[in-house]
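Student: Please choose one part of this model and look at it closely, moving from the part itself to whatever surrounds it. I would like the cut-offs stated as you go.

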Amino acid sequence: MGYSRYDFTPLLHSIDQWLYSVMSPAWALIVELTLIGLAFLIFYALVGLFLVYAERKVCGFIQNRVGPNRVGKYGIFQTIADFIKLLMKELIGTKDADKLLYNIAPYIVIICSFMAIGAIPFAQGLLAIDFDIGILYIISVSSLSVIGVLLAGWSSNSKYPLIGAMRSGAQIISYELSVGLSLLTIIVLAGTMQFSKIVMAQENGWFIFKGHIPAIIAFILYVIASTAETNRGPFDLAEAESELTAGYHTEYSGIKFAFFYLAEYMNMFIVASIAATVFLGGWMPLHIPAWNGFNVVMDYIPPVIWYFMKTAFVIYIIMLFKWTFPRLRIDHLLTLEWKYLLPINLVNILFMALIVLLGWHF
Amino acid sequence: MSAESLILFFIVGAFLVGVAVLFSSYVPPKSSNPQKFEPYECGIPTEGLTWLQFNVGYYMFSIIYLVFDVETIFLFPWAEVMKETGMRGFIEIVIFFFILGVGLLYAWKKGALKWE
């Protein structure tokens with residue numbers, strides 16, 4: 001197919017070959033791992049900075065104001081300035097905090113989001129970890145960050161963080177179920193959990209079109225549940241400013257606070273990437289069966305651009321949620337999950353299985 | 001790239017936080033006064049203990065979550081081989097879902113899903 005002209009496999013393979021030819025295998029492995037680590041570190045930082053900027057611009061757009069516009073052209077350097085300022089702030093903690101857990105918490109949230117980002121397929125041949133249980137891996141790793149949140153709230157020895165962390169824990173584990181089950185609906189259709197195979201299976205149509213009604217229901221459920229799982233508005237009870245100041249990271253200052261903030265945005269990026277990959281075809285261009293001319297034209301757009309366009313689309317939806325809906329109350333939040341999303345999801349999976357068995361999908 | 005890359009991502013993530021925290025704990029200017037390290041509580045001295053007994057509602061939800069999460073883990077292998085197992089596997093999973101549904105209904109009727 002035409003899109004394979006943008007395949008990264010030969011390029012990466014030749015770099016690999018070259019490294020192994022100029023140095024001993026042990027050194028080549030170390031250099032390779034360092035390069036991958038460095039690339040992901042830069043990517044992680046750039047996406048984090050960009051998302052904070054994008055959020056402020058989207059917020060400004062919805063509230064009919066300009067948003068950041070002073071630092072650099074259109075304020076593009078605003079988040080870099082913020083980052084430097086946060087880095088230059090003194091780290092202060094509370095008096096009787098549990099020091100060890102208090103210091104470990106930011107590490108846990110960042111490491112969890114960083115490990116999840118390695119399994120995302122950015123383009124053909126451009127993914128670091130290609131497990132055959134990819135979806136299960138990414139769900140489990142990203143949901144570990146709830147431990148960091150709970151530790152942060154509990155160890156601060158302050159009341160607002162404790163309440164925020166408890167709410168956040170209850171919310172994350174509840175919505176975890178809906179995230180898993182709505183992805184399960186698509187696994188039933190795809191028959192695999194490996195990300196590279198899932199993307200390849202969408203060559204003749206994205207899963208949201210292939211699975212028509214149940215896939216669309218699953219997509220809607222996934223977007224709602226993942227918004228709640230990343231603690232974003234309208235589900236941001238964990239950091240409800242009006243009642244809990246800043247929630248679980250009230251007692252953190254400077255760069256440690258920035259890491260919690262960064263992890264929240266990166267989690268949003270990760271859930272949007274999963275939505276783009278599993279429902280909207282990942283890096284696969286839009287193909288319509290029997291429209292050969294159209295498919296050839298679409299193949300000329302590089303897969304990386306397709307991937308980022310789809311991810312940006314899902315991120316934009318999630319941002320719109322935050323600035324459109326008022327915040328939920330905790331009992332409403334749990335009712336929504338346990339009495340609506342979960343039963344709908346269970347029925348939806350059976351519905352999808354029946355459609356796959358009867359061959360009613362495209 | 002498989003198992004070793006997990007260790008790599010772990011180390012790089014820890015490195016990112018570690019370097020920034022190290023920088024931040026030595027470079028920025030410091031000042032100290034008695035009020036600075038008080039826990040925040042609307043600007044007044046804190047009252048009572050923080051680490052005390054908590055609302056049981058959270059505990060209830062985590063118990064139900066545990067049941068359903070284990071059930072989700074059971075469903076993943078089925079979803080992957082669904083096409084091979086065919087109608088027979090489908091009927092078996094319907095029975096599994098039925099038992100689950102009864103469990104959810106029971107918790108619902110018992111009032112475990114109600115926030116108090």
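Tutor: What follows is a close look at one helix and at its surroundings in both chains. The model is a predicted one, in which local features need pLDDT of at least 70 and side-chain atom pairs count only at pLDDT 80 or more, whereas totals for chains, interfaces and linings use all residues. Residues are numbered from 1 along each chain as its sequence is written, while chains are lettered from A and ligands numbered from 1 in the order in which they are written.

The part I have chosen is helix H5 of chain A, residues 134-143 (a helix is a DSSP run of H or I with at least four residues, numbered from the N terminus). Eight of its 10 residues are buried, so H5(A) is largely enclosed by the rest of the structure (buried requires 20 or more other C-beta atoms within 10 Å, exposed 12 or fewer, with the C-beta atoms placed from the backbone). The buried set consists of A:Gly134, A:Ile135, A:Leu136, A:Ile138, A:Ile139, A:Val141, A:Ser142 and A:Ser143. Within chain A these residues pack against H4 (99-117), H6 (145-155), H7, H8 (195-200) and H12 (254-278), and they also pack against H2 of chain B (contact meaning C-beta atoms within 7 Å).

Of these neighbours, consider H7 of chain A, which spans residues 159-190. The largest nonpolar core holds 127 residues, with A:Ile186 and A:Ala275 having the most contacts inside it (such a core is a set of buried Ala, Val, Leu, Ile, Met, Phe, Trp, Tyr and Cys residues joined through C-beta atoms within 7 Å). To this core H7(A) gives the most, namely 19 residues. Leaving aside residues up to four places away in sequence, A:Ala275 touches A:Tyr222, A:Val223, A:Ser226, A:Leu280 and A:Val314. H7(A) also carries A:Arg167, and this arginine counts as buried because 24 other C-beta atoms lie within 10 Å. Although 80 residues separate A:Arg167 from A:Gly247 in sequence, their C-alpha atoms are 9.2 Å apart.

The neighbour from the other chain, H2(B), leads to the interface, where 49 residues of chain B are in contact with 61 residues of chain A. On the chain B side, H1 (3-26), H2 (56-80) and H3 (82-109) are the elements that give two or more residues, and H1(B) gives the most, with 15. By class, that side divides into 32 nonpolar, 10 polar and seven charged residues (Ala, Val, Leu, Ile, Met, Phe, Trp, Tyr, Cys and Pro are nonpolar, Asp, Glu, Lys and Arg charged, the others, Gly among them, polar).

H2(B) also packs with H3(B) at an angle of about 175°, their axes lying 11 Å apart (axes are fitted to C-alpha atoms over the stretch in contact, and angles run from 0 to 180 degrees between N-to-C directions). The two helices are therefore roughly antiparallel, a term used for angles over 145 degrees. B:Ile64, B:Val67, B:Glu71, B:Trp78 and B:Ala79 of H2(B) make this contact with B:Met82, B:Gly89, B:Ile93, B:Leu100, B:Gly103 and B:Ala107 of H3(B), which gives eight nonpolar, two polar and one charged residues. H2(B) also contains B:Leu66, which counts as exposed because it has 11 C-beta neighbours inside 10 Å. From C-alpha to C-alpha, B:Leu66 is 45 Å from B:Lys30, the two being 36 residues apart in sequence.

Note on methods. Contact = placed C-beta atoms within 7 Å. Parallel < 35°, antiparallel > 145°, perpendicular 65-115°, else oblique.
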